[in-house]
Structures are given as structure tokens and as C-alpha cells.
Amino acid sequence: MNRTENPTSPQYLMMVSPEDFASAVECAVAKAMTNSKPKETYLTVDEAASRLGVSRSTLWRWDKEGYLTKIKRGKKNTYRLSDVERIINGELV
């Protein structure tokens, strides 16, 4: 890598080979991918009730009790699939 100082600016111009640039980009992408969270899947009220084998009113009550919290997405109430699966597997949410 070569560094050349610009006489009119305190900044530096760094010249990088294409191979070094490609390696730096690959490293940055790999780091970003390992730090990213997997996307959450959301269920509608009817889908969540069906998977849990409960009524819509039970879901409403569970939300009020804090057992299974609804997530507002736009104007619709949804539930995280991961939270529903925890209940199905007998884990507390």
C-alpha cells in the first residue's frame, strides 16, 4: 500500500491493490454477517392461536398478563414465532 499526502488537505490518499481491496471487502462483509441478527418470523393472531391450540381471547388475556406479548406491525397484532415455539416446548416466555 502506498500513502500519498495531499498538499492542500490534511487527509491522505491511500492506494490499494485490487487484491487487498477485495480482501478488505470480504472481511467486512463476513464480519457484518456474523453480527447480524436472524430475521424474526411473525404470526397473525389466528396463526398463533391455531399453533397453540387456544382461542383468540386466550391470546388477548396472555398479552394482558405478559405471558405472550403481541407485537404491533402496522395496524395488525402479531406474535413472534420464537415466543410461540417457547410456549409449545414448555419454556416460559
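Which residues in α3 are buried? The legends below treat this point together with the surrounding elements of the chain, which is shown as a predicted model.

**View 1. Overall arrangement of the chain.** The predicted model contains four helices and five strands. From the start of the sequence to its end, these elements follow the pattern β-β-α-β-α-α-β-β-α. Of the 93 residues in the chain, 19% are buried. Among contacts with a separation of 6 or more, 40% are made by residues 24 or more positions apart. The exposed area is about 7,600 Å², and carbon and sulfur atoms supply 54% of this area.

**View 2. Three strands form an open antiparallel sheet.** The strand order is β3-β5-β4. Strands β3 (42–44) and β4 (71–73) are the edges of the sheet, and each of them pairs on one side only. On average, and with direction ignored, neighbouring strands of this sheet are turned by 50 degrees against each other.

**View 3. Pairing of β3 with β5.** The two strands run antiparallel and are joined by three bridges, with β5 spanning residues 76–80. Tyrosine 42 stands opposite arginine 80, a residue of β5. Helix α2 (residues 45–52) lies across both β3 and β5, and runs at about 95 degrees to β3.

**View 4. The largest nonpolar core has twelve residues.** The set consists of Leu43, Val45, Ala48, Ala49, Leu52, Leu59, Trp62, Leu68, Tyr79, Leu81, Val84 and Ile87. Helices α2, α3 (56–65) and α4 (81–88) each supply at least two residues of this core. The greatest share comes from α2, which gives four residues.

**View 5. Surroundings of leucine 43.** This residue is a member of the largest nonpolar core. With residues up to four places away in sequence not counted, leucine 43 touches Ala48, Arg51, Asn77, Thr78, Tyr79, Leu81 and Val84. Among these contacts, Ala48, Tyr79, Leu81 and Val84 are also listed in the core.

**View 6. The buried and exposed faces of helix α3.** The buried residues of α3 are Thr58, Leu59, Trp62 and Asp63. They lie on the same side of α3 because they cover an arc of only 140 degrees around the axis. The buried residues of α3 pack against α2, β5 and α4. On the face turned away from this buried side, α3 carries the exposed residues Trp60, Lys64 and Glu65. Glycine 66, just after α3, takes a positive phi of about 85 degrees.

**View 7. Asparagine 77 in strand β5.** Asparagine 77 has a relative accessible area of 27% and is therefore partly exposed. Not counting residues up to four places away in sequence, asparagine 77 touches Leu43, Thr44, Val45, Lys70, Ile71 and Lys72. The C-alpha atoms of asparagine 77 and tyrosine 42 are separated by 9.5 Å, whereas the two residues are 35 residues apart along the chain. Leucine 43, in turn, includes Asn77 among the residues that it touches.

Methods. Residues are numbered from 1 along each chain as its sequence is written. This is a predicted model: local features need pLDDT of at least 70, side-chain atom pairs count only at pLDDT 80 or more; totals for chains, interfaces and linings use all residues. Side-chain values use heavy atoms; hydrogens and water are left out. Buried means under 20% relative accessible area, exposed over 50%, partly exposed in between (1.4 Å probe, protein chains only). Contact means heavy atoms within 4.5 Å. Accessible areas come from the Shrake-Rupley method with a 1.4 Å probe; for residues, only the protein chains shown count as cover. Two strands pair if DSSP finds at least two bridges between them. Axes are lines fitted to C-alpha atoms, for helices over the stretch in contact, and angles run from 0 to 180 degrees between N-to-C directions. A nonpolar core is a set of buried Ala, Val, Leu, Ile, Met, Phe, Trp, Tyr and Cys residues joined through side-chain atoms within 4.5 Å. The arc is that of the directions from the helix axis to the C-beta atoms.
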